[in-house]
Amino acid sequence: MSQILIGALLPILGSCVQEVYDIPEIDRQVNIALSVSPHEANTYSPVAPVAGESTIDNVYIWFFPITTSDATASVGFYSKTGLGIDGVLNFTLLFADIGLPASPGVYEVYVLANLPASTVIPPRNATKDNLKKLREKQFVRTLANPMISLSGIGYYATGADLSIQLQRTVARFDLECVSQLPGWSAVDAYVEYESLLAVYLAGLNVYPTERSTSKMLSTGSNTFRAYLYENKAGNKIQVKVAMKNGLLVRYFTSELNSAANGKIDRNKVYTMKLTVNPV
């Protein structure tokens with residue numbers, strides 16, 4: 001009698017076990033799309049970037065469990081250098097390669113990109129606090145490769161795709177100089193009292209107080225360009241221009257973005273047409 005009952009139960013047990021094994025496993029990879037946001041003009045309208053301003057040459061990504069504090073170490077990390085990609089970067093990462101657990105989770109994701117050689121890269125087990133305090137120091141740039149750093153924060157849930165828009169750490173400042181008298185031309189331009197340092201991540205409202213003077217890049221006849229860090233309203237920044245006519249050289253200054261009390265926001269484009277009378 002017992003043999004009959006056991007035999008009758010075997011097909012039932014077998015079907016239950018089969019159903020358990022048929023449950024699909026979690027997709028243990030993350031599809032990532034990183035894109036560089038457009039510039040904004042001082043009027044908040046989009047402005048097309050110039051060459052090199054959207055380049056992603058290196059990228060660093062940290063994953064943090066969503067409920068942890070700023071002092072908790074990253075549980076996933078990825079880095080890649082030598083990319084040379086403009087504007088948009090799409091790729092797929094396996095959980096095993098970046099250290100994410102296979103179990104379901106929700107993560108806050110921090111991205112830094114295009115970091116200069118002067119920046120010390122935080123380790124794979126960095127905390128959010130480490131990344132929020134990380135600063136960049138102003139350095140000599142070129143028009144061909146301004147090496148503009150990027151940052152962004154996003155959220156990722158296991159099984160979904162991850163898309164993050166990156167913002168530039170700097171603002172662009174374009175200057176045009178015009179003389180009211182013939183024979184005079186601008187030979188050099190400088191930005192005075194600009195911020196020397198900047199935090200990478202946007203929205204932290206941290207404005208380092210260190211100041212410096214830097215020479216602007218010449219973009220043509222009487223035109224110049226500089227890349228500036230954020231500046232708090234009330235901190236005066238000015239441009240100084242050297243105008244030359246033969247052996248005569250005269251200097252002229254003007255405050256930058258005086259309408260907003262000197263405030264400079266990252267990822268914006270500021271323009272100035274400076275008309276001078278060399279008399």
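This report covers the fold, one sheet and the largest pocket of a predicted model.

**Overall make-up**

The chain holds three helices and 21 strands. It has 279 residues, and 43% of them count as buried. Contacts reach far along the sequence. Among those with a separation of 6 or more, 74% join residues 24 or more positions apart.

**The seven-stranded sheet**

Seven strands build an open sheet. Their order is 6-5-9-11-12-1-8, and the pairing is mixed. Strand 6 (76-80) forms one edge and strand 8 (88-94) the other. Each of these two pairs on one side only. On average, neighbouring strands of the sheet are turned by 20° against each other, direction ignored.

Strand 8 deserves a further look. Its partner is strand 1 (residues 29-36), and the two run in the antiparallel sense. Seven bridges join them. One of the paired positions is Leu34, whose bridge partner in strand 8 is Leu89.

Which side chains of strand 8 are buried? Leu89, Phe91 and Leu93 are, and they point to one face. Val88, Asn90, Thr92 and Leu94 point to the other face and are not buried. This is the pattern of a regular strand, because side chains there alternate between the two faces of the sheet. Leu89 thus has two roles in this description: it is the bridge partner of Leu34, and it belongs to the buried face of strand 8.

**The largest pocket**

The largest pocket has a volume of about 230 Å³. Its lining counts 15 residues. Nearest the centre lie Phe139, Val140, Arg141, Ser214 and Lys215. Which strand gives the largest share of the lining? Strand 16 does, with four residues. Strand 16 spans 211-215, and strand 18 spans 223-228. Each supplies at least two residues of the lining.

By class, the lining divides as follows.

| Class of lining residue | Number |
|---|---|
| Nonpolar | seven residues |
| Polar | four residues |
| Charged | four residues |

**In brief**

The sheet is open and mixed, with strands 6 and 8 at its edges. Strand 8 buries one face, with Leu89, Phe91 and Leu93. The largest pocket draws on strands 16 and 18 for part of its lining.

Definitions and conventions
Residues numbered from 1 in each chain as written. Predicted model: local features only at pLDDT ≥ 70, side-chain atom pairs only at ≥ 80, totals over all residues. Heavy atoms only, no water. Pairing = 2+ DSSP bridges. Axes fitted to C-alpha atoms, helices over the stretch in contact; angles between N-to-C directions. 1 Å grid on protein atoms, 1.4 Å probe; cavity = no way out; pocket = protein on both sides within 12 Å on 5 of 7 lines; lining within 4 Å. Points joined across faces, edges and corners; volume = space filled by probe spheres on them. Nonpolar A, V, L, I, M, F, W, Y, C, P; charged D, E, K, R; others polar. Buried < 20%, exposed > 50% of the residue type's maximum accessible area, 1.4 Å probe, protein only. Contact = heavy atoms within 4.5 Å.
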